[in-house]
Amino acid sequence: MAKKETGRPAGTEAGTPWLNDDERAAWLANSALMVSLPAALDARMQRESQLTFFEYVVLSVLSEEPERTMQMSRLAERTAASLSRLSHVVGRLEKRGLLARARIPGPGRATNATLTEAGYEVVVAAAPGHVAAVREYLIDQIEPHELTALTRIGTAVEAAVNRAAATPAP
């Protein structure tokens, strides 16, 4: 973005609270993390387990549920996905025999996703590689005392995003 002589980007409002140098450096480092880490995890998961990172997350969430079953709308929330994206991915996983969908009886169009035994075996086999990648790319790159800060930051950002998503648009 082109900068005016004031140091602010050209063509912007004067009342915008611009980032100072430290804030901008933190934002750029975090932006790189948000883009590069999921891409690296995705590439590695596909290479090692023939799953996308998102497919792994879906299977992993289901693997931790009682009866390995969860309503699709709740699964979408837990995986931070739209129902449309989740339905597409679940359809692919269902074709591979890794999970099954079943309509929930009653009014509405609620559907459950259930991890199959084959899906459970795939996610259990993929988990060590996933954990190794998380360690290599993130955990082992920071100091032990930074884990608490990382947890606090992630929790605060997620809460802010969730608040914004729950707030009706004007």
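Strands β2 and β3 (residues 111–115) run antiparallel to each other and are joined by five bridges. This pairing belongs to an open sheet of three strands, ordered β1-β3-β2. Please keep in mind that you are looking at a predicted model. Below is a short tour of the sheet, then the helices, then a few individual residues worth finding on screen.

**The sheet**

- The pairing in the three-stranded sheet is antiparallel, and neighbouring strands are turned against each other by 25° on average, direction ignored.
- The edges are taken by β1 (69–71) and β2 (99–103); each has a single partner strand, so one side of each is left without a neighbour in the sheet.
- To follow the pairing of β2 with β3 residue by residue, start at alanine 100, which stands opposite threonine 114 in β3.
- Another pair to look for is alanine 102, with asparagine 112 of β3 opposite.
- On the other side of the pairing scheme, β1 and β3 are linked by three bridges, again in the antiparallel sense.
- Within β1 and β3, methionine 70 has alanine 113 of β3 as its bridge partner.

**Where α2 meets α4**

- Helix α2 (residues 53–63) packs on helix α4 (residues 83–95) at an angle of about 85°, and the two axes lie 11 Å apart.
- Because of that angle, α2 is roughly perpendicular to α4.
- From α2, the contact uses Phe54, Glu55, Val58 and Leu59, while α4 contributes Arg85, Leu86, Val89, Arg92 and Leu93.
- Sorted by class, the contact of α2 with α4 holds six nonpolar and three charged residues, with no polar ones.

**Helix α2**

- Eight of the eleven residues of α2 are buried, so the helix is largely enclosed by the rest of the structure.
- The buried residues of α2 are Phe54, Glu55, Tyr56, Val58, Leu59, Ser60, Val61 and Leu62.

**Helix α4**

- With 13 residues at 1.5 Å a residue, α4 should span 18 Å, and its end C-alpha atoms are indeed 18 Å apart, so the two values agree.
- Leu86, Val89, Val90, Gly91 and Leu93 are the buried residues of α4.
- The partners that these buried residues of α4 pack against are α2, α3 (72–78) and β2.
- Just after α4 comes glycine 97, with a positive phi of about 80°.

**Serine 49 and threonine 52**

- Serine 49 sits in helix α1 and is buried, with a relative accessible area of 16%.
- Leaving aside residues up to four places away in sequence, serine 49 touches Arg44 and Ala126.
- Between the C-alpha atoms of serine 49 and arginine 24 there are 37 Å, for a separation of 25 residues along the chain.
- Threonine 52 is placed in the loop between α1 (21–49) and α2.
- Is threonine 52 buried or exposed? Its relative accessibility is 19%, and buried means under 20%, so threonine 52 counts as buried.
- Leaving aside residues up to four places away in sequence, threonine 52 touches Asp42, Met45, Gln46 and Arg92. Arg92 is also one of the α4 residues in the contact with α2.

**Positive phi outside glycine**

- Arginine 68 lies in the loop between α2 and β1, and its phi is near 50°, a positive value in a residue other than glycine.
- At 23% relative accessibility, arginine 68 counts as partly exposed.
- Alanine 80 belongs to the loop between α3 and α4; its phi, near 55°, is likewise positive in a residue other than glycine.
- Alanine 80 counts as exposed, because its relative accessibility is 70%.

Notes
Residues are numbered from 1 along each chain as its sequence is written. This is a predicted model: local features need pLDDT of at least 70, side-chain atom pairs count only at pLDDT 80 or more; totals for chains, interfaces and linings use all residues. Side-chain values use heavy atoms; hydrogens and water are left out. Axes are lines fitted to C-alpha atoms, for helices over the stretch in contact, and angles run from 0 to 180 degrees between N-to-C directions. Helices (H or I, at least four residues) and strands (E, at least two) are DSSP runs, numbered from the N terminus. Angles under 35 degrees count as roughly parallel, over 145 as roughly antiparallel, 65 to 115 as roughly perpendicular and the rest as oblique. Contact means heavy atoms within 4.5 Å. Ala, Val, Leu, Ile, Met, Phe, Trp, Tyr, Cys and Pro count as nonpolar, Asp, Glu, Lys and Arg as charged, and the others, Gly among them, as polar. Two strands pair if DSSP finds at least two bridges between them. The expected span of a helix is 1.5 Å times one less than its number of residues. Buried means under 20% relative accessible area, exposed over 50%, partly exposed in between (1.4 Å probe, protein chains only).
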